[in-house]
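Reader: I would like to know how the labels used for a structure are justified. Could we go through some of them one by one?

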Amino acid sequence: MKIILGIDTTLDRCSIALLKGEKCFRDSQQMQRGHAEILMPKIINLLKDAEVTFADLDLITVTVGP
């Protein structure tokens, strides 16, 4: 089972998603600024909800944009 973390902080939304097998955990918040300040706490909470650790991740994906 692959565990994939996806991160998107482009434009006016901070979004993360974790795919664990066929289950998807996600969190998204509309915001203009401050993505960096909330990103790690959101990721930590998402990992806890999915009952996985950073070491369990097989792949981390990110968007590249403005």
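Author: Buried means under 20% relative accessible area, exposed means over 50%, and partly exposed is in between. Keep in mind that the model is predicted.

Reader: Why is Cys14 called buried?

Author: The relative accessibility of Cys14 is 0%. The cut-off for buried is under 20%, so Cys14 counts as buried.

Reader: What makes Cys24 partly exposed?

Author: Cys24 has a relative accessible area of 43%. Partly exposed is the range between the limits of 20% and 50%, therefore Cys24 gets that label.

Reader: Why is there no bond between the sulfur of Cys14 and the closest cysteine sulfur?

Author: A disulfide is a covalent bond between the sulfur atoms of two cysteines. The cut-off is a pair of sulfur atoms within 2.5 Å. The closest cysteine sulfur to that of Cys14 is in Cys24, 15 Å away, which is too far for a bond. Cys24 is likewise in no disulfide. The count of disulfides is zero.

Reader: What makes the pair Ser15 and Ser28 a polar contact?

Author: Their side chains are joined at 2.8 Å, and the limit is 3.5 Å. Ser15 is in strand E2, residues 13-20. Leaving out residues up to four places away in sequence, Ser15 touches Gly6, Ile7, Asp8, Asp27 and Ser28.

Reader: Why does Ile44 count as partly exposed?

Author: Ile44, in helix H1 (residues 35-50), has 37% relative accessibility, so Ile44 counts as partly exposed. Together with Met40 and Phe54, Ile44 forms a nonpolar surface patch of about 270 Å² accessible area.

Note on methods:
Residues are numbered from 1 along each chain as its sequence is written. This is a predicted model: local features need pLDDT of at least 70, side-chain atom pairs count only at pLDDT 80 or more; totals for chains, interfaces and linings use all residues. Side-chain values use heavy atoms; hydrogens and water are left out. Buried means under 20% relative accessible area, exposed over 50%, partly exposed in between (1.4 Å probe, protein chains only). Helices (H or I, at least four residues) and strands (E, at least two) are DSSP runs, numbered from the N terminus. A polar contact is a pair of N or O atoms within 3.5 Å; within protein, one must be able to donate a hydrogen and the other to accept it, and residues adjacent in sequence count only if both atoms are side-chain atoms. Contact means heavy atoms within 4.5 Å. Patches are made of residues with over 30% relative accessible area and no salt bridge: like charges are joined within 9 Å, nonpolar side chains (Val, Leu, Ile, Met, Phe, Trp, Tyr) within 5 Å. Accessible areas come from the Shrake-Rupley method with a 1.4 Å probe; for residues, only the protein chains shown count as cover. A salt bridge is a side-chain nitrogen of Lys or Arg within 4 Å of a carboxyl oxygen of Asp or Glu.
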